[in-house]
Every structure is written in C-alpha cells, then in structure tokens.
Amino acid sequence: MEGSHDFSTTSKHSADGIHMTSTELTAYTSISFIVVLWCLHKWNRRHFERVALKMTGLSSYPFIGSGLEFIGTPQQVMDSVFKLFNGFEPRKLWLTSYFFVTISKPEDLQIILNSSKALDKSKFYNFFKNTVGEGLFSAPVHKWRQHRRLIAPVFNANLLDQFFPVFNEKSRILIENLKKELGKTQPFDLSDYIMKTNLDIICQTAMGYNLDSQSNKESEFADALIKASELDSMRIYKPWLYPDIIFSIYRKIMGLQNVYNRLHKLPNQVIREMKEKHAQKKMQNNNNDIDANNGKRLKVFLDTLLDLNEAGANFSDEEIRDEVVTMMIGGSETSTITDCFCILMLAIHPEIQDKVYDEIFEVFGDGDQTITIEDTTKLVYLEQCIRETLRLYPTAPLLLRELQDNVKIHSDNQTLPKGTICIISPICTHHIPELYPNPWSYNPDNFDAENVNKRHKYSFIAFSGGPRGCLGYKHAIVSMKVLISTFLRNYSVHTDIKLSDIKLKLDLLMRSSNGYPVTIRPRDRRPTYKKK
Ligand code: HEM
C-alpha cells in the first residue's frame, strides 16, 4: 500500500534500483506512446513511402502532412495548388495519413481517367452528399456503374435537339433584361444576369419546371441552391467542419439547418406530380406528349428517368431526385462561369470579338431567327473561343480518383499503390507551356483543327475524360453557343480590365474573384469587312 501511495505522488519511486519521479515516468510513457504511434503510422504507409521517396512535393510535417499549405483565403489556396503542381512530373502530397499524387501529363491522365481501378472519387466527395446525394457525380462505384449505363444513352442528339426552344427562349429573355444596361458607362457584372438564365435553362431541361428566375420571381429553390453551394464550398476550407455532427451544429447556429431540405422541396414536388402524370398517361395508354400550355410537350431528363423506371430500372424517388439535382448543380454554375469568362475574353480582345461576330453574321445574317442545332455546328470559331476559355479558366479546379488497386502510369513506369489518391488539376495541365505556348494568353487558334490534331487528346480536360467524364458536355457546349451568339447578335461588349487584372479564386469551382465587369452597346449588325 505504501509503495502504491509513493507511486501516485511526486516523490521518488524506486524500482530495481532505478529512481524516477512520477513526472519523469509520465514523460517516458508519453514519448514511448508517440514513438509506437509513429512506427505504426510509418508501417501503415510503407508502400506509399517507397513511391514517395522518388518524388518531390510540398514540405510536409509529421501527422498533418502539408495540410497547413491549404488553409487560407481562396486565392491563397489557388497559389498553393500551382505550387503543388509544378510541371509535368507526378508529385507527392501528404494530408494527414492520405497520400496524394499529382497527375498532369496527358499520357498519365489518359491512364488514370480510363482505368477501371481508378473510378472511385474518394471520401472527399462525401461533402457534396447533403446537396446531390448519391447522384452520378458523387455515387459510389457500384451505384455509379449501374446508373451511368442507364442514363448515358439518353443524353443523345435527339434529347438536345428538343431543348433548343428552351435555350433560345431563355437567351431571348436575357437580351431583354440586359436592355437596362444600355447607355450606361458604369460596368455591370455579367454573372448577375447569366446565372439566372442558366438556372432557368437547366430547371426546364432537367425537370420540365419553369423557374423563371429571370423575371425576378422570388424562388426558394434558387436561393437554397446558391446557399447549399456556398455552404459546401466553405466546408472544404474549414477542416474543423469535416465531421458531420459539427457541420450540422454549425448549420443550426447559422440558421441554415433547413437549407438542404429547402433545396430538395421543389424537385420532390415536381417528381411526385410527374409520376402521377406518367401513371395517368399509362392508364389512358396515351403516348402523345401534349402540354396544356404550348402544344408539344418537352421530354425532359426527369421524363426519361421515369421511362427508364417503367422499363424496369427501379430507381427510388430519392435516387431520381439525386440525379435531377446533380444535373442542375452540375450544369448551372459551370456553364455560367464559362459563359461569363468567354464574353469577358471577347470584351478584352475586340479583334477576336469581331471575328466571332463575322462568323455569326455568315450563319444568320442580320436577322433574329431562332438558332437550331444545325446552326450551332457552323459556329466553329465560337466553339474555339469557348474551348480556349475553358482551357484558360476550367471551372472544375481539382478532380480526385482513389485507386482501388495498383496502377502503372507512364511517367518513369511507376506503379502507384492501391489507396493512392490521384489529384488532377485541369488548370495546371492547361498551363503547361510544352502543350500550349504562352499559356496565360487568350488564343482561340489553340483549338483550330491543326493544333488540336498536334496535341495529345488529354491535353484538354475541362470536362475530365474517360468513363467518369462529364455527361453534360454536349448540352453545355450547345447551350453556351446559343447564349453567347444571341448575346453577340444583339450587343457588342466592352471592358476596361486587362487579362492580367483577372484574379482567380478557388472554392467548389474556380471563378474570377473580381467578377466579370463589362459594358454593352447595341450591335452594329454588319461584319467587319462591311465596316471598312
Ligand atoms: C461548362 C460546363 C461544364 C463543365 C466545365 C463541366 C465539367 C465537369 C467535370 C470536370 C466533371 C468531372 C468531375 C469529377 O470527376 O469530379 C463533370 C461531371 C459531370 N457533369 Fe459536367 N460540366 C459542365 C456542364 C454540365 C452540364 C450542363 C451537365 C448536365 C446537364 C453536367 C453533368 C455532369 C454529370 C452528371 C457529371 C458526373 C458524371 C459521372 O461521374 O458519371 N455537366 N462535369
């Protein structure tokens, strides 16, 4: 008893002739514990360490890795991303016990983006599940495989063709709304207008609902969509909000606990109504898609999901909602940022704007007829401008793929071990001077047929690539062509800012931190050769 009393006090303790104070004993125990932890940590990641030894990367500290580099303002994080991706070669990054390898070289990108062992998007995509659930974008591989196989075929030219009245009508409303900016010398931000246009387009084409946010209608859904997207972006840079329980307490404190419910309310309601309509149609055996308001009814993405269900796909209501919301989130802001950057580029480069307008004049003359899918195929130079915009400013800043098995890449014939998270940065690949000379200048000729043929296919990855690449890229390209050409048929666009003034910030998506400031004038509807 006496001995045990001694042990718990700060006086000396004697054991086999070694004298230690309890403070010393605590210190030795703690150090031994840390050493054991450290050895375990090293042992668990020994297969990563072997690969990491051959690579360069950011400076790293025990246990936290390079985590500190990625805490800061969105602009500072952007700088760290550029520091991390430095050139073609794969580089290492430790974040706590996660091992990341950067993939920049087109040959390596092709391998990773097409490997059946690299289809998993990693745990980091779980952050988006409050918003998009397990839709294609964030679905685990087994679910993704099943859904993508069913959904991909419906994204065909027929589906797109019947969306053209929507693209035209919503772009026409944009032109009307922009009239209030005519004659003003003070610049306005393009995204204030274009975000609403794209939200209306995607709501109508994904679920057949006329949101009409362009007519300044208050919309709980549009508001919740923007708030949910802001919340998800903010969470990425606040590691203390990673645990779900803390994030939910944070939302409660900020009065945002209902934001995801408010986001899902409208899609849930539209799905219920649409299901009833489908059931009625089936009972009446009526295949005519006639809309009470405007004749032939649009067959939207939600219809095709319900058709697939009738053919035995077995999607639950929640799965249908997740896919519909995925399309809306995936398609609205990405297209908006690209439209805004593209129009801003044309304002900064008036000679390129003239060339785009000349092409538009060649296809449409000076009339106002609506644009068809065939017309968009003739707008070749405009498409080059859009692709060059996406090269310079790809909206998806980082893509992740977690390896389910070892994968051998092209660089040094290295084998990346199972569990490695491949980190891909479209903007860094797009700025490698060996692929694009003068990578920070805006040059649509980078995408003329000759230059495209000279480059590796995976030199351009704004829409990712391989089996998990963007499903909506054709939808995005044609809807952007309709919007931008309608804009340019009506207005010329001008700005005082220079390319070098544009500062990028990275949150969920990558965007301009100083907005897209322009002024507009009525278009002089003559091609350049007639003006000379
Ligand atoms: C400029 C416009 C767009 C850009 C730059 C873009 C880019 C991308 C990228 C980079 C990915 C891969 C993301 C990752 O691997 O983490 C992706 C996936 C996806 N995108 Fe897009 N996107 C655009 C427009 C659209 C539109 C309009 C839609 C729908 C109508 C759409 C639907 C999707 C879907 C469903 C996925 C998930 C595909 C899968 O995992 O199977 N996107 N997009």
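## Exercises on a predicted model

His349 is found in the loop between helix 15 and helix 16 (350-364). The model is predicted. Keep that in mind as you work.

### Exercise 1. His349

Decide whether His349 is buried or exposed, and find which residues it touches beyond its neighbours within four places in sequence.

Solution.
- Step 1: Take the relative accessibility of His349, which is 13%.
- Step 2: Compare that value with the cut-off; buried means under 20%. His349 therefore counts as buried.
- Step 3: Set aside the neighbours within four places in sequence. His349 is then in contact with Tyr442 and Leu499.
- Step 4: Look at Leu499 again. His349 and Leu499 are 150 residues apart in sequence. In space, their C-alpha atoms are 9.2 Å apart.

### Exercise 2. His431

Place His431 among the helices, then work out its burial and its contacts.

Solution.
- Step 1: Find the loop. His431 sits between helix 19 (426-429) and helix 20.
- Step 2: Check the accessible area. His431 is buried, because its relative accessible area is 9%.
- Step 3: List the contacts, leaving aside neighbours within four places in sequence. They are Arg391, Leu392, Pro439 and Trp440.
- Step 4: Add a distance. His431 and Arg391 are 40 residues apart along the sequence, and 8.1 Å apart from C-alpha to C-alpha.

### Exercise 3. Ala118

Which residues does Ala118 contact outside its neighbours within four places in sequence?

Solution.
- Step 1: Locate Ala118 in the loop between helix 5 (106-114) and helix 6 (129-132).
- Step 2: Read its accessibility. Ala118 has 2% relative accessibility, so it counts as buried.
- Step 3: Name the contacts: Ile112, Arg401, Glu402 and Leu403.
- Step 4: Turn to Asp405. Along the chain, Ala118 and Asp405 are 287 residues apart. Their C-alpha atoms are separated by 8.0 Å.
- Step 5: Set this beside the whole chain. Among contacts with a separation of 6 or more, 74% come from residues 24 or more positions apart.

### Exercise 4. Two positive phi angles

Asn314 and Ser464 each have a positive phi; find which is buried and which is exposed.

Solution.
- Step 1: Recall the general rule. Most residues other than glycine have a negative phi.
- Step 2: Read the angles. Asn314 has a phi of about 65 degrees. Ser464 has a phi of about 60 degrees. Neither residue is a glycine.
- Step 3: Place Asn314 in the loop between helix 14 (301-310) and helix 15. Place Ser464 in the loop between helix 20 and helix 21.
- Step 4: Apply the cut-offs: buried is under 20%, exposed is over 50%. Asn314 counts as exposed because its relative accessibility is 67%. Ser464 counts as buried because its value is 14%.

### Exercise 5. Cys470 and the iron

Which atom of the protein is the donor of the ligand's iron atom, and where is its residue in the chain?

Solution.
- Step 1: Start with the iron atom of the ligand. Its only protein donor is the SG atom of Cys470, at 2.3 Å.
- Step 2: Find the residue. Cys470 is in the loop between helix 20 (449-454) and helix 21 (473-490). Ser464 lies in the loop between helix 20 and helix 21 too.
- Step 3: Judge the exposure. Cys470 counts as partly exposed, because its relative accessibility is 34%.
- Step 4: Check the record. An unreviewed UniProt entry places the feature "binding site" at Cys470.

### Exercise 6. The cavity

How many cavities of 30 Å³ or more are there, and which residues line the largest cavity?

Solution.
- Step 1: Count. There is one cavity of 30 Å³ or more.
- Step 2: Give the volume. The largest cavity has about 40 Å³.
- Step 3: Name its lining: Asn198, Ile201, Ile202, Gly331, Ser335, His475 and Ser479.
- Step 4: Assign the lining to elements. Helix 10 (191-207), helix 15 (317-348) and helix 21 each give two or more residues. Helix 10 gives the most, with three.
- Step 5: Sort by class. The lining has two nonpolar, five polar and no charged residues.

### Exercise 7. The whole chain

How many helices and strands does the protein chain have, and what share of its residues is buried?

Solution.
- Step 1: Count the elements: 22 helices and 15 strands.
- Step 2: Take the burial. Of the 532 residues in the chain, 51% are buried.
- Step 3: Add the dimensions. The C-alpha trace spans about 100 × 60 × 45 Å along its principal axes.

Definitions and conventions. Residues are numbered from 1 along each chain as its sequence is written. This is a predicted model: local features need pLDDT of at least 70, side-chain atom pairs count only at pLDDT 80 or more; totals for chains, interfaces and linings use all residues. Side-chain values use heavy atoms; hydrogens and water are left out. UniProt positions are given in the numbering used here, feature names are shortened, and annotations may be inferred rather than shown by experiment. Helices (H or I, at least four residues) and strands (E, at least two) are DSSP runs, numbered from the N terminus. Buried means under 20% relative accessible area, exposed over 50%, partly exposed in between (1.4 Å probe, protein chains only). Donors are N, O and S atoms within 2.8 Å of the metal (3.2 Å for Na, K and Ca); water is not among the atoms, so sites may look incomplete. On a 1 Å grid over the protein atoms alone, a cavity is a set of points where a 1.4 Å probe fits but cannot get out, and a pocket is an open set with protein on both sides within 12 Å along at least five of seven lines; lining residues have an atom within 4 Å of a point. Grid points are joined across faces, edges and corners, and a volume is the space filled by probe spheres set on the points. Ala, Val, Leu, Ile, Met, Phe, Trp, Tyr, Cys and Pro count as nonpolar, Asp, Glu, Lys and Arg as charged, and the others, Gly among them, as polar. Contact means heavy atoms within 4.5 Å.
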